[in-house]
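Please open the structure in a viewer and keep the sequence panel at hand. The tour below proceeds by selection, one stop at a time.

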Amino acid sequence: MNNSKRTVIVTGFGPFGEHSVNASWVAVQELKKLGLGHEVDLHVCEVPVEYQTVQSLVPSLWKQYHPQLVVHVGLSGMATTVTLEKCGRNHGYKGLDNCSFSPDTQCCVEGGPDCIDSIIDMDSVCKRVTSAGLGVAVSVSKDAGRYLCDFTYYTSLYLSRGRSAFVHVPPLGKPYSAEALARTLQAIIHEMLDLLDQAENKIHCQH
């Protein structure tokens, strides 16, 4: 490993629908206060719940920062756990965004694969974070919901060849505080970076 800092981008979403405060962005702002340690350069960004903004903003983040990892955090009104999403899907985007817009094609990237998996083993991250005993339940999912969360995730996975992650959080206080969510995000991202390092070391050894 070289000694240069690793760059990580973490995004949360802005308000939408009945959610005038989006727990994902509040949790990400708390994470920014905690940081990811001296070796990680953490950038955070609020993403509006708008398809067309996502299509320009997500590529610009990858281009500007060349991050080792991008983690998108979103709110699931139905969730009671912090949920690690394994994959993003390309089709089925019918729900209208904050601009009352949805893509004519109902698709994220025309000609792209139907589903893209993250290269990060979410089951492994889930086990490791659960065993850390933070008092926050963590689970794994294969369906990010075919709305802006899934759309953003797929866009990022497509651009990064799978070097992205998506984490769904429940609404604030149902049952976790923003601080508890931020501590859990911090642990999750540390584990993700650790797994990415292990994968890179394996590749170097094989060469």
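Two strands pair if DSSP finds at least two bridges between them. The model on display is predicted.

**The whole chain**

Begin with the entire chain in cartoon representation. The chain holds five helices and eight strands, and from the N terminus on their order is β-α-β-α-β-β-β-β-α-β-α-β-α. Along the principal axes, the C-alpha atoms fill a box of roughly 50 × 40 × 30 Å. A compact globule of 207 residues would have a radius of gyration near 17 Å, and the 16 Å of this chain agrees with that expectation. If the chain is coloured by accessibility, 51% of the 207 residues count as buried.

**Strand E3 and its partners**

Select residues 69–75, which form strand E3. How many of its seven residues are buried? Seven of the seven are, and the strand is thus described as mostly covered. Now display the side chains: Leu69, Val71, Val73 and Leu75 point one way from E3, while Val70, His72 and Gly74 point the other way.

Add strand E1, residues 6–13. E1 and E3 run parallel and are joined by four bridges. To locate the register, centre on Ile9, which stands opposite Val70 in E3.

Next add strand E8, residues 164–169. E3 pairs with E8 over six bridges, again in the parallel sense. Here the residue to centre on is Leu75, which stands opposite Val169 in E8.

**The largest pocket**

Keep Leu75 selected and switch on a surface. The largest pocket has a volume of about 310 Å³. Which of its 17 lining residues are closest to its centre? They are Leu75, Ser76, Ala144, Cys149 and His168. Leu75 therefore belongs both to the buried residues of E3 and to this group around the pocket centre. By residue class, the lining divides into nine nonpolar, six polar and two charged residues.

**Aromatic pairs**

Hide the surface and show the rings of Phe, Tyr and Trp. With ring centres within 6.5 Å as the criterion, the count comes to nine aromatic pairs. Select Phe13 and Phe166: their ring centres are 6.4 Å apart and their planes meet at 35°, so this pair is tilted. Phe13 lies in strand E1 and Phe166 in strand E8, so the contact ties together parts that are 153 residues apart in sequence. Both residues are buried.

Move on to Tyr51 and Phe101. The centres of these rings are 6.3 Å apart and the planes stand at 65°, so the pair is edge-to-face. This pair also links distant parts of the chain, 50 residues apart: Tyr51 is in helix H2 (residues 51–65), and Phe101 is in the loop between strand E5 (87–89) and strand E6 (115–117). Tyr51 counts as buried, at 1% relative accessibility, whereas Phe101 is partly exposed, with a relative accessible area of 25%. Extend the selection to Phe16, Tyr93, Tyr147 and Phe151; ring pairs link these residues with Tyr51 and Phe101 into a cluster.

**Backbone features in the loops**

Most residues other than glycine have a negative phi, and most peptide bonds are trans. The next three stops concern the backbone.

Stay in the loop between E5 and E6 and select Ser100. Its phi is near 60°, a positive value in a residue other than glycine. Is Ser100 buried or exposed? At 57% relative accessibility, Ser100 counts as exposed.

Then go to Arg161, in the loop between helix H4 (148–160) and E8. The phi of Arg161 is also positive, near 55°. Arg161 counts as exposed, at 75% relative accessibility.

Continue to the loop between E8 and H5, where Pro175 is found. The peptide bond from Lys174 to Pro175 is cis, with omega near 0°.

**Helix H5**

For the last stop, follow the chain into helix H5, residues 178–206, and select Asp197. Asp197 has a relative accessible area of 19%; the cut-off for buried is under 20%, so Asp197 counts as buried. Finally, draw a distance from Asp197 to Gln68: their C-alpha atoms are separated by 10.0 Å, although the two residues are 129 residues apart along the chain.

How values were computed. Residues numbered from 1 in each chain as written. Predicted model: local features only at pLDDT ≥ 70, side-chain atom pairs only at ≥ 80, totals over all residues. Heavy atoms only, no water. Buried < 20%, exposed > 50% of the residue type's maximum accessible area, 1.4 Å probe, protein only. Helix = DSSP H or I, 4+ residues; strand = E, 2+ residues; numbered from the N terminus. 1 Å grid on protein atoms, 1.4 Å probe; cavity = no way out; pocket = protein on both sides within 12 Å on 5 of 7 lines; lining within 4 Å. Points joined across faces, edges and corners; volume = space filled by probe spheres on them. Nonpolar A, V, L, I, M, F, W, Y, C, P; charged D, E, K, R; others polar. Phe/Tyr/Trp six-rings, centres within 6.5 Å; stacked < 30°, edge-to-face > 60°. Rg over C-alpha atoms; globule rule 2.2 N^0.38 Å.
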